[in-house]
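Here are some short exercises for reading a protein model. Try each task yourself before you look at the solution, and keep the structure in view as you go.

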Amino acid sequence: MNTKNNKRRRESVEKIEKAFVNLYQEKEINEISVSDICKMTGLNRSTFYANFLDIYDLAEKVKERLENDFSEVFIEPNYTDGALKFFEHIKDNQLFYKTYFKLCYDIKTTVFVYDDKRARRDFENKNIKYHIEFFRSGLNAIIKLWLEGGCKESPSEMAEILKQEYKGRR
């Protein structure tokens, strides 16, 4: 029976998502067809349509899965460990993050990466919404640059770069 969380269905969805991510590195989203994905995975069109409405629904679900996986990485709200985990997760999932950014999404800064309490203290709650947006945009730019360079710096080096951005803010 094809229930929502059975192993076979999960494996099929994973194959479809991986095929999409790989195809999306070579083609634009409007150039990817369900047939392309079925050929790559060896799955039937009915399997695709049992899980997704179309390619755009697949793209949205890939985005949601990445965001869910990303949020699960952060269990302890320790800034340094959180930043390290953050960059380790990105390095381990480079292809998915490249796809995420290519789909024109930006990572929403979480409490575990963005030190809200420190920012409020350092900026005395003045114009905090602008600082948050500045930090979020800068973080996304750093991640994109790191991915474009093939993640040559280690996750710990990247965590240190992020940490340095908070030094001397008083």
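**Exercise 1. Describe the overall fold and how confident the prediction is.**

Solution. Start at the beginning of the sequence and read along: the protein chain follows the pattern α-α-α-α-α-α-α-α-α. That gives 9 helices and 0 strands. Next, remember that this is a predicted model, and look at the confidence. The chain averages a pLDDT of 81, and 78% of the residues score at least 70. Among the elements, helix α2 (residues 34-41) has the highest mean pLDDT, 97, while helix α7 (residues 116-122) has the lowest, 69. Finally, turn to burial: of the 170 residues, 38% count as buried.

**Exercise 2. Find the largest nonpolar core and say which helices build it.**

Solution. First, the size: the largest nonpolar core has 38 residues. The residues with the most contacts inside this core are F20, I37, F48 and F87. Second, the suppliers: α1, α2, α4 (55-73), α5 (79-92), α6 (94-102), α8 and α9 each give at least two residues to this core. The largest share, 7 residues, comes from α1. Third, pick F48 and list its partners. Leaving aside neighbours within four places in sequence, F48 is in contact with I16, V34, I37, C38, D54, I55 and L58.

**Exercise 3. Classify the ring pairs F20–Y24 and Y100–F101.**

Solution. Two values are needed, because a pair of aromatic rings is described by the distance of the centres and the angle of the planes. Centres must lie within 6.5 Å to pair, and planes under 30 degrees apart count as stacked, over 60 as edge-to-face. By this rule the count comes to 6 aromatic pairs. Take F20 and Y24: their ring centres are 5.5 Å apart and their planes are at 10°, so this pair is stacked. Both residues lie in helix α1 (residues 7-26), 4 residues apart, about one turn of the helix. Now take Y100 and F101: their centres are 6.0 Å apart and their planes are at 75°, so this pair is edge-to-face. Y100 and F101 are both buried, and F20 and Y24 are buried too. Ring pairs also link F48, Y49 and F52 into a cluster.

**Exercise 4. Locate two charges that sit over rings.**

Solution. Go back to Y24: the charged end of K102 sits over its ring, 4.4 Å from the centre. Then look at F96, where the charged end of R65 sits over the ring, 4.7 Å from its centre.

**Exercise 5. What does the side chain of T41 reach?**

Solution. Begin with the place: T41 is found in helix α2. T41 counts as buried because its relative accessibility is 14%, and the cut-off for buried is under 20%. Next come the polar partners. The side chain of T41 reaches the backbone nitrogen of L43 at 3.2 Å. A polar atom of that side chain also lies 2.9 Å from the backbone oxygen of I37. Not counting residues up to four places away in sequence, T41 touches K15, I16 and A19.

**Exercise 6. Explain what stands out about the backbone at C151.**

Solution. Recall the general rule: most residues other than glycine have a negative phi. C151 has a positive phi of about 55° although it is not a glycine. This residue lies in the loop between α8 (128-148) and α9 (155-164). Is C151 buried or exposed? With 2% relative accessibility, C151 counts as buried.

Terms used
Residues numbered from 1 in each chain as written. Predicted model: local features only at pLDDT ≥ 70, side-chain atom pairs only at ≥ 80, totals over all residues. Heavy atoms only, no water. Buried < 20%, exposed > 50% of the residue type's maximum accessible area, 1.4 Å probe, protein only. pLDDT = per-residue confidence, 0-100. Lys NZ or Arg CZ within 6 Å of the ring centre and 35° of its normal. Core = buried A, V, L, I, M, F, W, Y, C linked by side-chain atoms within 4.5 Å. Contact = heavy atoms within 4.5 Å. Polar contact = N/O pair within 3.5 Å; in protein donor to acceptor, adjacent residues only side chain to side chain.
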